[in-house]
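User: I would like to go through this chain feature by feature. Please keep the answers short and end each on the item asked for.

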Amino acid sequence: MTAQEVRLCGLLLREHFGEVVEKVGTHLLRGGAQNLRTIINETGISLDLVKKSLCVLVQHGACVFSSGRKGTGSPTEYRTSCDRILRILRYPRYIYTAKTLYGDTGELIIEELLQRGHMTMSSTVKTVADRLTQNMEEGRCMDYSEVSPAFSKLVETHFLQRCPPMVGAGTTSSATPATPATPGTPAAPVSTAPPTPESFPDCYKVPHMTLVGRGKRQLCSEDGEDQRNAKKAKMDSQTHGDEGISWQVNFERFHLHFRDQAIISAVANKLDQTSSEIVRTMLRMSEVLTSPTATCTKPLSANEIFRSLPTSYNIARPILDQYLTLLVDDPMEFVGKAGESGGGMYVVNLHRALANLARATLESVVQERFGSRSARIFRLLLRKRHLEQKQVEDFAMIPAKEAKDMLYTLLSQNLVQLQEIPKTPDFAPSRTFYLYTVNQLPTARMLLQNCYKTVANLIERRLFESKESKRLLEKSQRIEAILASLQASGAEPEQLTEVEEMITATEKQQLEALRLHINKLDSAENQVDESIFLIESYVISTASTS
């Protein structure tokens, strides 16, 4: 864990959970596993606030607890997961993917589970139905039975999974405050990876639930607060058959989907849409059979691929064979041939595809920072592996002086490495070969740290902009709340105009400029996160194959 990762984790915790949780979380990231008393003494935070902070972190799977290192009876120790905290950065992408695949209902289900860490199916369905009803026309309601199928589909496609059974919980009283309040609600697993169906057979089993009813609109009046709380307590006391079974978002399944989409998009850009559809079909056929850490998919015959292709594409069998041959012969090697039976056995080279995507990202970074000629040298070294300076000048067709400056610039930024090969044991410069090379994996790791630093800078800038205009934003929110209340009560247009005029023209311009600036920062965060995902996937894939 690097300083840039800890800094980014701290900013994400502060933005989503507040400064106290940030202080406790970053302290655990830096100090490793610690018991409750040590956390209190070293952070200087009160016992009550530390307990609440640990509750929040455990609820969201960012913290796990287990018996102390001294064995049974020793104080329970807590440790945080850097990888899990960094997933917060990808929340908008998870929600947008759910909306794309399963509509508004799927989007709200994922959003609720991300906001609350984990929930039972019944409480998720109720909350989502209430939110959908709130946005419907007066007199219309969303039935619970319309939300439940979307939840089941998310479980069937493994985007949602049951929380794993509670393991490693200490029996001392210090573990009690950090345990989620719901009976049977498990803490986060000890490993950062989510449980697999093989290790937990019921991980993707939807319980039989008896939930009948419709979503309810939120009462706007203050007089209805007590009534609303009484109804909520009554609903919570009802049993629906899924008590103690909590669900969480399966981040790894989303990551597999993102990986597949990146491969499909790369094939479409390199070749054409038909080729990408063939690769999409191969990935869809093998997604259940292929391990998440596999270097390639399970072999599929050309006959199976032909039968599974969408009928709308109307691709004839000879045309399919030509496309498959084209994909196999392509230098990117996204598709490989594994045999001749069944008309030919084909696989998608997942690791090779990720390596090529990471390589394209590195080349793009070099081109944006140092220009097209430096990118040409960088690509040349990636392809040729080892070259002397004179060879670089000749192959890249760049004048000697410019090539020398570019090589030294890349060398100073650790994007290019220099390897010395002596002819004699004395390492005399006149009898030594100096070869330039690019080590893709270390360079990718370095770029990953730069991406973490970039995102942290973007978040800090966004928080600074919001803090500088805090008064104006609060005023705007107050006026919007007054307008919403007046519209709900059927106010006259003159009243609405009068309230709107409370914000001057200058303030409106300032608000518009601020929102535009913050939207740009948000968009930049999401774009950098796409690069982070590709490079992370490549690094993890390389580690699993070595």
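User: Which residue just after α16 takes a positive phi?

Analyst: The model is a predicted one. The residue asked about sits in the loop between α16 and α17. It has a positive phi of about 55 degrees although it is not a glycine. Just after α16, the residue with this phi is M397.

User: Is M397 buried or exposed?

Analyst: Exposed means over 50% relative accessible area. M397 has a relative accessible area of 68%, so M397 is exposed.

User: Where does N414 lie, a residue with a positive phi that is not a glycine?

Analyst: The phi of N414 is about 65 degrees. At 47% relative accessibility, N414 counts as partly exposed. Its place is the loop between α17 and β10 (417-422).

User: Which helices do the buried residues of α16 pack against?

Analyst: Helix α16 spans residues 389-396, and its buried residues are V392, E393 and A396. Seen down the axis of α16, these fall within an arc of 100 degrees, so they line one face of the helix. An α-helix has 3.6 residues a turn, so residues three or four places apart point the same way. The buried residues of α16 pack against α15 (372-384) and α17 (400-412).

User: Which residues have the most contacts inside the largest nonpolar core?

Analyst: In the chain of 546 residues, 44% count as buried. The largest nonpolar core has 98 residues. A second, separate core of 25 residues includes V279, L300, I305 and Y346. Inside the largest core, the residues with the most contacts are L54, I109, I110, L160, I377 and L381.

User: What does I110 touch, not counting residues up to four places away in sequence?

Analyst: I110 is among the residues with the most contacts inside the largest nonpolar core. With residues up to four places away in sequence not counted, I110 touches Y94, I95, A98, L154, L160, V249 and F254.

User: In what order do the three strands of the open sheet stand?

Analyst: The pairing in this sheet is antiparallel. Strands β4 (119-120) and β5 (160-162) stand at the edges, each with a single partner strand, so one side of each is left without a neighbour in the sheet. The order is β4-β6-β5.

User: Which residue in β6 does R162 stand opposite?

Analyst: Strand β6 covers residues 246-249 and runs antiparallel to β5. Three bridges join β5 to β6. Opposite R162 in β6 stands W247.

User: What is the bridge partner of C63 in β3?

Analyst: Strand β3 (residues 77-80) is joined to strand β1 (residues 34-35) by two bridges, and the two run antiparallel. In β3, Y78 is the bridge partner of Q34. Strand β2 (residues 63-66) is also antiparallel to β3, with four bridges between them. For C63, the partner in β3 is T80.

User: How many residues apart are Y94 and F251?

Analyst: The rings of Y94 and F251 have their centres 5.2 Å apart and their planes at 45 degrees, so the pair is tilted. The pair links distant parts of the chain, with Y94 in helix α6 (residues 91-116) and F251 in helix α10 (residues 251-270). Y94 counts as buried at 0% relative accessibility, and F251 counts as buried at 12%. Their separation is 157 residues.

User: Is the ring pair of Y102 and F159 tilted or edge-to-face?

Analyst: Y102 lies in helix α6 and F159 in the loop between α8 (144-156) and β5, so the pair ties together parts that are 57 residues apart in sequence. F159 counts as buried at 3% relative accessibility. The ring centres are 6.2 Å apart. The planes are at 75 degrees, so the pair is edge-to-face.

User: Which residues do ring pairs link into a cluster?

Analyst: A search of the whole structure finds 10 aromatic pairs. Ring pairs link into a cluster Y91, Y94, Y102, F159, F251, F254, F258 and F533.

User: Which residues is T274 in contact with, leaving aside its neighbours within four places in sequence?

Analyst: T274 lies in helix α11 (residues 273-286). With a relative accessible area of 18%, T274 is buried. Leaving aside neighbours within four places in sequence, its contacts are Y313, I315 and Y323.

How values were computed:
Residues numbered from 1 in each chain as written. Predicted model: local features only at pLDDT ≥ 70, side-chain atom pairs only at ≥ 80, totals over all residues. Heavy atoms only, no water. Core = buried A, V, L, I, M, F, W, Y, C linked by side-chain atoms within 4.5 Å. Buried < 20%, exposed > 50% of the residue type's maximum accessible area, 1.4 Å probe, protein only. Contact = heavy atoms within 4.5 Å. Arc of directions from axis to C-beta. Pairing = 2+ DSSP bridges. Phe/Tyr/Trp six-rings, centres within 6.5 Å; stacked < 30°, edge-to-face > 60°.
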